[in-house]
Amino acid sequence: LPPHGGAKALLGASPFAAGAPSGASHPLVLDMSTTVIARGKLRLASQRGEPIPPGVGLDREGRPTRDGMEAFHGVTLPFGGAKGAA
């Protein structure tokens with residue numbers, strides 16, 4: 001992930017997962033990504049010839065792109081914008 005306003009990957013995009021008993025029949029479980037889109041969805045959009053949503057990826061030069069393969073080879077952006085990269 002690039003830091004907010006950055007164009008090159010600097011931070012890791014490791015998923016976050018946690019679980020806790022809830023006292024009910026099901027525990028509280030959280031499993032989430034730290035990016036606004038999964039890299040697999042970038043490839044899928046490219047294979048289907050579909051554009052990716054605006055604001056989810058940058059190409060290798062750090063320019064916003066709607067091309068899934070360009071974003072796949074570039075960087076995906078953090079969810080939460082500036083707060084997601086902090």
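Here is a friendly conversation about the predicted model shown above.

Biologist: Hello! Which pattern of helices and strands does the chain follow along the sequence?

Modeller: Happy to start there, keeping in mind that this is a predicted model. The chain holds 3 helices and 4 strands. Read in sequence order, they give the pattern β-β-α-β-α-β-α.

Biologist: What radius of gyration does the chain have, set against a compact globule of 86 residues?

Modeller: Along the principal axes, the C-alpha atoms fill a box of roughly 50 × 30 × 15 Å. A compact globule of 86 residues would have a radius of gyration near 12 Å. For this chain the value is 15 Å.

Biologist: How much of the accessible surface do carbon and sulfur atoms supply?

Modeller: Let's take the inside before the outside: of the 86 residues, 27% count as buried. The chain exposes about 5,800 Å². Of that area, the share from carbon and sulfur atoms is 58%.

Biologist: How far apart are the mean positions of the positive and negative charges?

Modeller: The chain carries 9 positive and 6 negative charges. Taking the mean position of each set, the separation is 3 Å.

Biologist: Which residues make up the largest nonpolar core?

Modeller: In soluble globular proteins, nonpolar side chains tend to be buried together. Here the largest such core has 7 residues in all. Helix H1 (39-48) and helix H2 (68-73) are the elements that give two or more residues to this core. Its members are Ile37, Leu42, Ala45, Ile52, Val56, Ala71 and Phe72.

Biologist: Is alanine 71 buried or exposed?

Modeller: Alanine 71 sits in helix H2. Leaving out residues up to four places away in sequence, it touches Leu42, Ile52, Gly57, Leu58 and Thr65. Its relative accessibility is 0%, and the cut-off for that class is under 20%, so alanine 71 counts as buried.

Biologist: What is the C-alpha to C-alpha separation of alanine 71 and glycine 57?

Modeller: Glycine 57 is one of the residues that alanine 71 touches. The two are 14 residues apart in sequence. In space, C-alpha to C-alpha, they are separated by 5.0 Å.

Biologist: Which residues does alanine 45 touch, not counting residues up to four places away in sequence?

Modeller: Alanine 45 is one of the residues of the largest nonpolar core, and so is Ile52. Beyond that sequence window, the residues alanine 45 touches are Glu50 and Ile52.

Biologist: Is lysine 41 buried or exposed?

Modeller: Lysine 41 is found in helix H1. Its C-alpha atom lies 7.9 Å from that of glycine 68, which is 27 residues away along the chain. The relative accessible area of lysine 41 is 54%, and over 50% is the class limit, so lysine 41 is exposed.

Biologist: Where is threonine 35, and is it buried or exposed?

Modeller: Threonine 35 lies in the loop between strand S2 (28-32) and H1. Leaving aside neighbours within four places in sequence, it contacts Leu1, Ala13, Thr76, Leu77, Pro78 and Phe79. With a relative accessible area of 11%, threonine 35 is buried.

Biologist: Last one: how far is the C-alpha atom of glycine 5 from that of glycine 62?

Modeller: Glycine 5 belongs to the segment before strand S1 (16-20). At 75% relative accessibility, glycine 5 counts as exposed. Glycine 62 is 57 residues away along the chain, and the C-alpha separation is 9.8 Å.

Technical notes:
Residues numbered from 1 in each chain as written. Predicted model: local features only at pLDDT ≥ 70, side-chain atom pairs only at ≥ 80, totals over all residues. Heavy atoms only, no water. Rg over C-alpha atoms; globule rule 2.2 N^0.38 Å. Buried < 20%, exposed > 50% of the residue type's maximum accessible area, 1.4 Å probe, protein only. Areas by Shrake-Rupley, 256 points an atom, 1.4 Å probe, with all protein chains shown as cover. Lys, Arg positive; Asp, Glu negative; His and termini not counted. Charge placed at Lys NZ, Arg CZ, Asp CG, Glu CD. Core = buried A, V, L, I, M, F, W, Y, C linked by side-chain atoms within 4.5 Å. Contact = heavy atoms within 4.5 Å.
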